[in-house]
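Reader: Could you take me through one part of this model in detail? I would like a close look at the place where the two chains meet, with enough about each chain to set the scene.

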Amino acid sequence: MSETPANSRYAAAAGLAPTPGQTVGPFYHYALPFADGEHLVPAGTPGSVRLHGTVTDGHGAPVPDALLEIWQPDADGRVVREPGSLRRDPGVFTGFGRTQTWRDGGYSFTTVEPGATSAGSAPFIAMTVFARGLLNRLFTRVYLPEPAAALESDALLSSLDQADRDTLVAVREGDGSLRFDVRLQGERETVFLRYPRHEV
Amino acid sequence: MSETVIEGREAGEAVPDRDSQAAVSAEIAAAQADDESQGIARIQPRLDFPAYRSAALRHPTKEPRHADPEGIELVAPVFGHRDVDPLEADLTIQRGGEPIGERIRIAGRVLDGDGRPVRGQLVEVWQANAAGRYIHKRDQHPAPVDPNFTGVGRAITGDDGSYSFVTIKPGPYPWRNHRNAWRPAHVHFSLFGTEFTQRLVTQMYFPGDPLFALDPIYQAITSQQARDRLVATYDHDTSEHEWLLGYRWDIVLTGTHATPMEEGEHV
Ligand SMILES: [Fe+2]
C-alpha cells in the first residue's frame, strides 16, 4: 500500500524498506532529555517566546510521560546548521529542542518565533511527539497565529476543515506566549502528519 | 480482572481473563489477521493495537494527514563532536568499574531510504542492565541495579553511516501490560536523518528470543518481514577474541524528499 500518489515527484524513487519504529517506552528519562533541552534560547532573552501546552489522552487526562521535540528556523526564517544542542552555548541558536512533559502533562519551551522560510509562507515549528503507549512517533506542525494571509494560503491548512486546522495553530495568550496543546485522541484530536514516502 | 464475554462460548466454559497472556496473544492474532485480510503489509507498527494496553487512549483515531515537507522539515538538526564525546559509545566504562553481564558490541550503519549513508548524525541508545533493570526511578522490577552500568550511550555516525557501541547484553524484564508479561531483551535506539521527516525511535532485539511471539510491542508490527528488521544478527567477525560478542544491525530511515536538482543544496 503506497501513500505516494502515482504522479508525485517522489514516486520514482526506489526505496529500501525502512526500519520500523517502536514506542519510546517509560524509561527514556535518564537517556534522552538533556540540560536546557527546553531552552532554545535562555529565558529572558529579548524577543524570546514561551511555547507551552498540555499533552492529553483520549479521556482528556494529562500524559505525564510524553517527550516532545521541536525543530525550527530562527526569527529571520533562516534554517541554522549549528551543532551543540546537547551542550548548549547560550549564544548559539541551534533550532532544536527536546523536553518531557511534567506530571500534569504540561510542557514549556523557551525559543524565538520562527520566521517564514520563503516569502509569504506561514511560519511554523516542526514537532514530534513520543510517549509510552504510542507505538510510533507522531509528526505535527505548530503554526504561529499570524500573519493571517500566510495561514490562508498554506497548503496543509487549506486542506483541513476549520476544527482540524485550529488544532495546528498556536493560540496567542494574554502574556504574549504561545499555547499549543497536543491531544493524542478524541475530541479536537491534533492533526498529525504523514509525509510522502512514509509507508503505513 | 472481570471475565471477558466471548461470543459463541457455552455458559460455564472457561474464559481466559483479559489479564492473561492467552487473551493478549489472541488480541495480537486478531489484529494481525485483520491486517492480513485487508492485504496490508505493514512496515510501521499499528498505533491502534489493543493488546498493548497503554495504547488504548494514546493512539490517534484519525488517519494522519498528507503534508508535503517544507522548509525546516527538509533538513535535520545538526549534531557533532561538540555534542557527543567518543567515549559515550562505550557503556562499559562510564562508572569506573566493570558492569556485570555479557559484554557485546552492537555495530551497523544508518542509511536513508535510498541506501545512502547518514553521515555525522546522532545515534542515542538506552537499555536495561544484564538483570533487566533500568536506572530509572519508576522501574520497580526487583532485580539488582548495577552500580557500574547506567545503560545510556551516544555516538555520531561515521562517513559511511557507521556506528558502534560496546555494552552489556540487556536482560528481559517484566512489565505490567498483563499478568506474567515480559519484554524481550532490547536496546532502545533514537535516530535522526538528513531530514526531520526521517526521525525514528525504535528498539533493537536479539536473535532467537523466545519472548517475541508474546510481546505486544514487537508484534504491533503486524508483518513478520518488517518485524525481522528490528532483530540484530550475531556476527562472529564483530566478536573479539576473549573479549566480547558482536552483533550487527543496520538501520534504514525513510526516504528523503530532495529531488535530484535539489541534491546537495541547503535551504
Ligand atoms: Fe525498554
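Author: Among the contacts in chain B between residues at least 6 apart in sequence, 70% join residues at least 24 apart. This is a predicted model, so please read everything here as computed from it. Chain B has 267 residues, and 44% of them are buried. Its secondary structure comprises two helices and 12 strands. Starting at the N terminus, the order in chain B is α-β-β-β-β-β-β-β-β-β-α-β-β-β. If you draw a box along the principal axes, the C-alpha atoms of chain B fill roughly 65 × 50 × 35 Å.

Now for the partner. Chain A contains three helices and 10 strands. Read from the N terminus, its elements follow the order β-β-β-β-β-β-α-α-α-β-β-β-β. In chain A, 47% of the 200 residues are buried. Of its contacts with a separation of 6 or more, 73% are between residues 24 or more positions apart. The C-alpha trace of chain A spans about 50 × 40 × 35 Å along its principal axes. Its radius of gyration is 17 Å, which agrees with the value near 16 Å that a compact globule of 200 residues would have.

With both chains in view, let us turn to the contact you asked about. Chain A brings 71 residues to it and chain B brings 70 residues. On the side of chain A that touches chain B, the elements giving two or more residues are strand 5 (124–131), helix 2 (155–158) and strand 10 (193–194). Strand 5 of chain A supplies the largest share, four residues. By class, this side of chain A has 37 nonpolar, 23 polar and 11 charged residues.

Strand 10 of chain A deserves a closer look, as one of the elements that give two or more residues to this side. Two bridges join strand 10 of chain A to strand 1 of chain B, residues 65–66, and the two strands run parallel. At the level of single residues, Arg194(A) has His66(B), in strand 1 of chain B, as its bridge partner. If you would like a spot to start from in the viewer, Arg194(A) and His66(B) mark this pairing between the chains. From there you can move to strand 5 of chain A, at residues 124–131, and then to helix 2 of chain A, at residues 155–158.

How values were computed:
Residues numbered from 1 in each chain as written. Chains lettered and ligands numbered in written order. Predicted model: local features only at pLDDT ≥ 70, side-chain atom pairs only at ≥ 80, totals over all residues. Rg over C-alpha atoms; globule rule 2.2 N^0.38 Å. Buried ≥ 20, exposed ≤ 12 C-beta atoms within 10 Å, placed from the backbone. Contact = placed C-beta atoms within 7 Å. Nonpolar A, V, L, I, M, F, W, Y, C, P; charged D, E, K, R; others polar. Pairing = 2+ DSSP bridges.
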